[in-house]
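Student: I've got a structure to go through and could use a hand. Can we take it step by step?

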Amino acid sequence: MERFVLVDRDGVINRRMVGGYVTAWEEFQFLPGVLEGLALLARHDVSAIVISNQAGVGKGLLTPAALEIITQSFLREVHQRGGRIRGVYYCPHRPEDACDCRKPKPGLIFQAQRRHGFRLHQTYLIGDSPTDLAAAQAAGCPALLIAENSAPPASLSPPAAQNVFTSLAEAARFVIAHPLDAQPLTPAPGSP
Ligand SMILES: [Mg+2]
Ligand SMILES: [Zn+2]
């Protein structure tokens, strides 16, 4: 049965632009192990859904059309390498727009959930920032953190930060080894 994993984009799939935004495909750089990790997930029937803030659109730093070219380009690369991304959900708004979809709000996760029908508490979200973890928590999704030095940011409380990985490939192996919908149901005491 197909399962899903929610994945942040910048800092998880591709290298973050320091202090800026990826505004062209030429600036999009896959992080090490990402293509292999997505292919590994696909072989285990786990599809990725991208959940990403792209306030650069609202700030006029990149057009929706430019963002769409970047999206189609990385999707083509991922799919050519055996990975599977079923959907890409962006918040284009600026922080001051006070929308419902910009992480740490869970709106993008709910949009994806309505379209794909997964169970929130059985779907991991993989992110690299406190706002990812906050959005996952608000939606009821278990969160996995990518941190380059495998130490969680000091701002994270211990329960939120217990699953920390250095790459998407490493997090993918955890997702496969710990499926959330394959737990045997424990019958309640005294049930027939
Ligand atoms: Mg990020
Ligand atoms: Zn938004």
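Tutor: Sure! One term to start with: contact means heavy atoms within 4.5 Å. Also keep in mind that this is a predicted model.

Student: Okay, which elements do the buried residues of α1 pack against?

Tutor: Start with who is buried, meaning under 20% relative accessible area. In α1 that list includes Val 34, Leu 38 and Leu 41. Look for what the buried residues touch, and you get β1, β2, α3 (64–80), β3 (85–91) and α6 (168–177).

Student: And how many of the residues of α1 are buried?

Tutor: Gly 37 and Ala 39 are among the buried ones too. The helix is largely enclosed by the rest of the structure, because the buried count out of 10 residues is eight.

Student: Which residues are the protein donors of the magnesium ion (ligand 1)?

Tutor: Their spacing in sequence is D-x1-D-x117-D. Two of them link distant parts of the chain: one sits in the loop between β1 (3–7) and α1 (34–43), the other in the loop between β4 (125–127) and α5 (130–139). Lying 2.0 to 2.2 Å from the ion, the donors are Asp 8 (OD), Asp 10 (O) and Asp 128 (OD).

Student: Are Asp 10 and Asp 128 buried or exposed?

Tutor: Those two are 118 residues apart in the chain. For both Asp 10 and Asp 128, the answer is buried.

Student: What volume does the largest pocket have?

Tutor: Look at its lining before the number: 18 residues, with Asp 10, Arg 16, Tyr 21, Asn 53 and Arg 102 nearest the centre. That lining divides into four nonpolar, seven polar and seven charged residues. The pocket's volume is about 400 Å³.

Technical notes: Residues numbered from 1 in each chain as written. Chains lettered and ligands numbered in written order. Predicted model: local features only at pLDDT ≥ 70, side-chain atom pairs only at ≥ 80, totals over all residues. Heavy atoms only, no water. Donors = N, O, S within 2.8 Å, 3.2 Å for Na, K, Ca; no water. Helix = DSSP H or I, 4+ residues; strand = E, 2+ residues; numbered from the N terminus. Buried < 20%, exposed > 50% of the residue type's maximum accessible area, 1.4 Å probe, protein only. 1 Å grid on protein atoms, 1.4 Å probe; cavity = no way out; pocket = protein on both sides within 12 Å on 5 of 7 lines; lining within 4 Å. Points joined across faces, edges and corners; volume = space filled by probe spheres on them. Nonpolar A, V, L, I, M, F, W, Y, C, P; charged D, E, K, R; others polar.
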